[in-house]
Structure formats: C-alpha cells, structure tokens
Amino acid sequence: SLITYHKGGEWMKKLETFLGRPMFDSCMQAYYDKWMFRHPYPEDFKKILESTSGRSVDNLFRELDKKGSLLPPVKRSFQLVSFFNFKDGHAKNYISIAPVAGYNTYDGFMPGALIHNYQLPLNRFSFFAMPLYAAKSKQFNVLLKASYSWYPDNVIYKVNLGINAARFSINEYQNSVDERIIARFKKWVPYLRVTFNQDNTSSNTERYIQFKSFFINEDAFDFRQVIQGVDTSNIVKTISARRNLNQLKFVIDNKRMLYPYRAEFQVEQQDAFVRAAFTGNYYFNYSNGPGGLALRLFVGKFFYTIAKTIQQQFQTDRYHLNLSGANGYEDYTYSNYFVGRNEFENVGSQQMMIRDGGFKVRTDLLSKKIGKTDDWLIAANFTTAIPHQWNPLKVLPFEIPLKLFADIGTFADASAQQAKKGSFLFDAGLQLSLLKESIMIYIPVINSSVFSNYFKSTLGNNRLLKTISFSIDIQNFNWQKLDRKIPF
C-alpha cells in the first residue's frame, strides 16, 4: 500500500512539476475524456501525456521500475514528538514519547513511558523502550526491542536481526512479620527472522523462518528452617537460576478476508530435550451470515536427548505438552502477559494461555495435570459464532459476541490416566470474546468425566465460578481488527 498510494502520489507530483500545473491539468482532462468508462493501461496514459503536452516523459516512466525513494537523498534530522508522527518521514528521524501504564499482581500499578522511532517509511533500525516504575514492588521494570532490517532481492524479501529484553516480578511471599519478598525474572532474546518474497506482490500470505535464543534469569523461593535453642524459625530468601532455550519456527500466514489460515512448525531445544510441534489454524466463513467456524489443529512430540529419569521428568515438567491451557509457570519463555503469573487462588489463578492442546478446563491443583505428557499429544479445537438472533446477550446496548467452543484430544498415556474410560478427552462450552478477541472468557458446560470428577473433588464451594477460565492475548493484538464501533 505504501508503494501504490504514497510512492505513486510522489511520482504524480513529479509529473505535475515537470509539465507545469496548467499543462498537467489539460493532460488529465484529455485522459479522462478519452478513457472514461474504459480500462486503460500505463502506456495509454503515457501516450495522452506526450500527445497533449508535446514532450517526452520517457525518463519519468523509467522511474516506475526503480526501487527506493523517488526523492533525492537528504540528511535526516532528529526530532522529538509526542506519541508518533507520519509526516515528512523522508526528511525526519522522529523519536516519539508517549505515556503508558502496566499492571500485574506482584508489581502493582506501573506508570511509565514508551520511547520509539516507528514511522513511515519504516527505519531500517527500529526500537522501542518501555521503562515502568512498579509502585508495589518499588522497582523499575522494562520492555525493550531493537532490530535492523535488510531487503535483499529475489527469494528473500526481508531479514531482521534484533534483540528483545524484559524484566518484571513473577511471584511474592509475605512472611510472619509482613515482609514482602519478591521473585523476579529478566530475559535477553536475540533473534533472526527471514521473510520470503511472494510471487504476487498483492498477496496476503507471509512466509518466514525465525530463530530465537532465550537467555533467562529467574528467581525462586528458598525456604529454610533455623533452629536456635528451643526456637525454630523459617527463613525465606530468593535464589536465582539461569537457563536458555533455542527456538526455531517456520510460519505460513495468510490473512485474506475469506478462509484465512496459518501453519506454524516449531522446534525448541534445551540440553535435555527437543520439543517439536505443529499448529494449524483455518477459518471457514459462513455464507449466510456474519462469523464463521475457526478450526485449530495441534500435533506435538517431546523427545529426551539424554536418559529419561524421574529427575529429568521433574526438571522438564514446565516444558511438557499440555492438553489444557498452560498456566503462568508453564509460560517458560515469558512471552505472554499474566495478571498473576503464579497465583493458585482467586481470579488470577483462572488465567491461562491457549497453547498445545488448547482445552479450556484447568486442573492445576493436581500433582500432575490431566492431559500433561512428555511423549506425544494431538488435539483439535473448534469455535463457532452464534447467530445474532440466538445470542442471549443481544439485549445489551453494545454487542458482545457469544460463541460456542469444543475441544477434543488425546495423548500418549490417555487410557491409563482415564482408568480405561477411553483415549479421547473433550470439553465444550460458551466463549465471550472481548476487545476483538484480545480477551477471551471460557465457560465450560460439558466435559469428560475425568474433568468433572476433578471439579467435584477439588474445587469445593462456588465450583461453577471456579471452572471459568480466561486468556489475554496482548502479544498478538492486531490494530486491523479494530473499527469505529465499540471494540468488543
């Protein structure tokens, strides 16, 4: 769109300057008179220009085949602006500053600033920095991203080399004297992304391969008992541990309006294991009304690269394949936003992320979650729109899409965990989609007996409310989803 509209407009301005405004207007009038209600080609436009003006425009038309800016190179000056600026991007390097705020259970309210250099046309070197002050934990947190882009010819469209960084609190403990002990994480993620060219420049399909290496330092609580005479006291400290994970991903993503699809092949590696997964998404538009059916398919395999022992199973537990949505602890790359990452009570404990099997039920209170495996897992997820006339929420003054979801899946030792009740597990229920599917609320209605038994034996009072789950998908937020209506 930048080439078609912005660069095309710049070329027409050059044409107007070359011919002069009166002659340019005459040429455009002659072009309109001859070709109205017909289908001209660029060479037809060129003939009209030359026959009307009596001048050759060969040099200007040759510029249409050149890459790069039509404007002569200028030394760009730096300028501070608020929020962003898309004006005179060829002559200005804008450094934009805007207020932002964040929140999580352990850091509390976090006022801060967003500093970035995103503008149009895009800079080859781009960055954003988001420093935040946490009012509750009394520390500075940060999100950082910086990258440099190359644009080769032929097969490869763009190469990005960059680094991401983050630091936030992930847990807290309050001892007997009301002292708060905070556990934190910080990460550095260098990455390389290669985006491939499309045969058709108007294609909605994006194909890329991406490599990331996660270097993570995270705190854990160390509980110790100290005996002094006849008195025993507990001492709680934090200990830091380092780990890294390599991730290779190949993605084909088609964002067309009808029947969009996405396929992702991902391999993750650490010293003791390799985790391979395929996730496919396809959307079937309904022909007789708004909405459609979203299909998601997941296939995953976990390999040990060293001897499989009980100790290794324990140490790699957070990386194992999940039939249900992963919790904050299982977000091992810290790539998703959690209100309360390590909460086991109240609303914060009901948040999950849609990954792996994508079930909407949670069994986190078990020593081993239902549907968790270090072998293989297969699952399918379905979500369908409910016609407006059948939506019980249509009485509200604004629209909240109500959908139906259903999940079915199996894994390596499903039969053994289900006590011979069958290999496949399922759940189904209602889904509320808020802020254009950035926030999802899931209300299970029916599910496999193994989940029902867990709810009855573990959740206690207000069992129905405790089965409700929600997910927050900020990292995949897409501005194109928003419109001028209330963005639900």
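Helix α7, residues 449-458, buries V450, F451, Y454 and F455. Those buried residues line one face of the helix, because they fall within an arc of 140° when seen down the axis of α7. This is a predicted model. Beyond α7, the points below cover a nonpolar surface patch and the buried residue L402.

**Helix α7**
- K456 and S457 are exposed on the other side of α7.
- The buried residues of α7 pack against two strands, β17 (425-434) and β18 (439-447), and against α8 (463-466).
- G460 comes just after α7 and takes a positive phi of about 70°.

**Nonpolar surface patch**
- F125, Y148, W150, L161, L192, I209, F211, L248 and V267 make up a nonpolar patch on the surface.
- Together these residues have about 760 Å² of accessible area.
- Two elements, β5 (139-150) and β8 (205-228), give two or more residues to the patch.
- L248, one of the patch residues, sits in strand β9, residues 231-254.
- L248 has 40% relative accessibility. Buried means under 20% and exposed means over 50%, so a residue in between is partly exposed. L248 therefore counts as partly exposed.

**Residue L402**
- L402 lies in strand β16, residues 402-411.
- L402 has a relative accessible area of 8%. The cut-off for buried is under 20%, so L402 is buried.
- L402 and N200 are 202 residues apart along the chain. Their C-alpha atoms are separated by 37 Å.

Definitions and conventions: Residues numbered from 1 in each chain as written. Predicted model: local features only at pLDDT ≥ 70, side-chain atom pairs only at ≥ 80, totals over all residues. Heavy atoms only, no water. Patch = residues over 30% accessible without salt bridge, like charges linked within 9 Å, V, L, I, M, F, W, Y side chains within 5 Å. Areas by Shrake-Rupley, 256 points an atom, 1.4 Å probe, with all protein chains shown as cover. Salt bridge = Lys/Arg side-chain N within 4 Å of Asp/Glu carboxyl O. Helix = DSSP H or I, 4+ residues; strand = E, 2+ residues; numbered from the N terminus. Buried < 20%, exposed > 50% of the residue type's maximum accessible area, 1.4 Å probe, protein only. Arc of directions from axis to C-beta. Contact = heavy atoms within 4.5 Å.
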